[in-house]
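Let's work through a few exercises together. Have the sequence and the 3D view ready before you start.

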Amino acid sequence: MKKIIFALCVIFIGCKGTSQEKEASKLDTKKKEQFKVTKTEAEWRKQLTDMQFYVLRKAGTENPGSSELLNNKQEGVYTCAACGTELFKSEYKFDSGTGWPSFDREIKGNVAFDVDYDLGYARKEEHCATCGGHLGHVFDDGPRKTTGQRHCINGAALSFVPKK
């Protein structure tokens with residue numbers, strides 16, 4: 001009987017705690033952040049594919065191994081698929097074995113960082129400093145010979161411009 005009463009309370013009252021309010025407030029603040037390139041949701045939807053919109057504008061994650069850029073070995077630069085900002089050089093790319101394009105560093109000033117708690121713990125999130133598009137996350141398990149960082153990036157967030 002206690003379980004039934006508890007379930008009914010959860011259904012009718014909800015289980016929204018103050019931590020969720022703080023998280024929602026943080027998201028509202030982030031949405032209000034001004035970027036050099038800003039568009040309405042409708043404009044982004046028109047410009048981007050469904051997957052690009054999901055990743056860049058809704059902070060989604062593509063399936064591992066699904067990006068055509070994962071095994072790209074060409075020389076060039078990886079840019080934001082939404083606004084064209086140069087984000088990563090091909091020389092920074094390495095095979096992390098995770099299923100997502102990985103880089104040991106970003107092009108300074110073109111990538112901005114924040115912290116998200118979407119999985120219940122703090123992760124260093126990165127987004128395009130020009131349009132605010134979500135790129136992925138940074139972890140401290142990258143190549144020790146360079147920076148020690150692994151920028152785990154959704155391929156859908158990127159475009160590739162080959163070196164001329």
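**Exercise 1. Work out how many bridges join S5 to S6, and then look at what sits between these strands.**

Solution. Start with the pairing: S5 and S6 run antiparallel, and 6 bridges join them. This is a predicted model, by the way. Now pick a rung of that ladder: Ala-112 has His-127 in S6 as its bridge partner. Next, follow the chain from one strand to the other. S5 and S6 make a hairpin with 6 residues between them. In that turn you'll find Gly-120, with a positive phi of about 95°.

**Exercise 2. Find the partner that S6 has in S7, and check what the hairpin between them holds.**

Solution. Go on to strand S7, residues 134-139, which pairs with S6 in the antiparallel sense over 4 bridges. Here His-127 turns up again, standing opposite His-134 in S7. The hairpin of S6 and S7 has 5 residues between the strands, and Gly-132 in this hairpin takes a positive phi near 80°.

**Exercise 3. Explain why strand S6 counts as largely enclosed.**

Solution. First locate the strand: S6 covers residues 123-128. Then apply the cut-off, where buried means under 20% relative accessible area. By that test 5 of the 6 residues of S6 are buried, so the strand is largely enclosed by the rest of the structure.

**Exercise 4. Put the strands of the 6-stranded sheet in order and name the edges.**

Solution. Reading across this open sheet, the order is S3-S4-S8-S7-S6-S5, with antiparallel pairing. The edges are strand S3 (93-94) and strand S5 (111-116); each has a single partner strand, so one side of each has no neighbour in the sheet. Take a closer look at the S3 end. S3 pairs with strand S4, residues 102-103, in the antiparallel sense over 2 bridges. One partnership to look up there is Lys-93 with Phe-103 in S4.

**Exercise 5. Do likewise for the sheet of 3 strands, and give its average twist.**

Solution. This open sheet runs S2-S1-S9, again with antiparallel pairing. Strand S2 (86-89) and strand S9 (158-162) stand at the edges with a single partner strand each, so one side of each is left free of a neighbour in the sheet. From one strand to the next, the twist averages 30°. For the pairing of S1 (residues 76-80) with S9, count 5 bridges in the antiparallel sense. To see a facing pair, find Tyr-78, which stands opposite Phe-160 in S9.

Note on methods: Residues numbered from 1 in each chain as written. Predicted model: local features only at pLDDT ≥ 70, side-chain atom pairs only at ≥ 80, totals over all residues. Heavy atoms only, no water. Pairing = 2+ DSSP bridges. Axes fitted to C-alpha atoms, helices over the stretch in contact; angles between N-to-C directions. Buried < 20%, exposed > 50% of the residue type's maximum accessible area, 1.4 Å probe, protein only.
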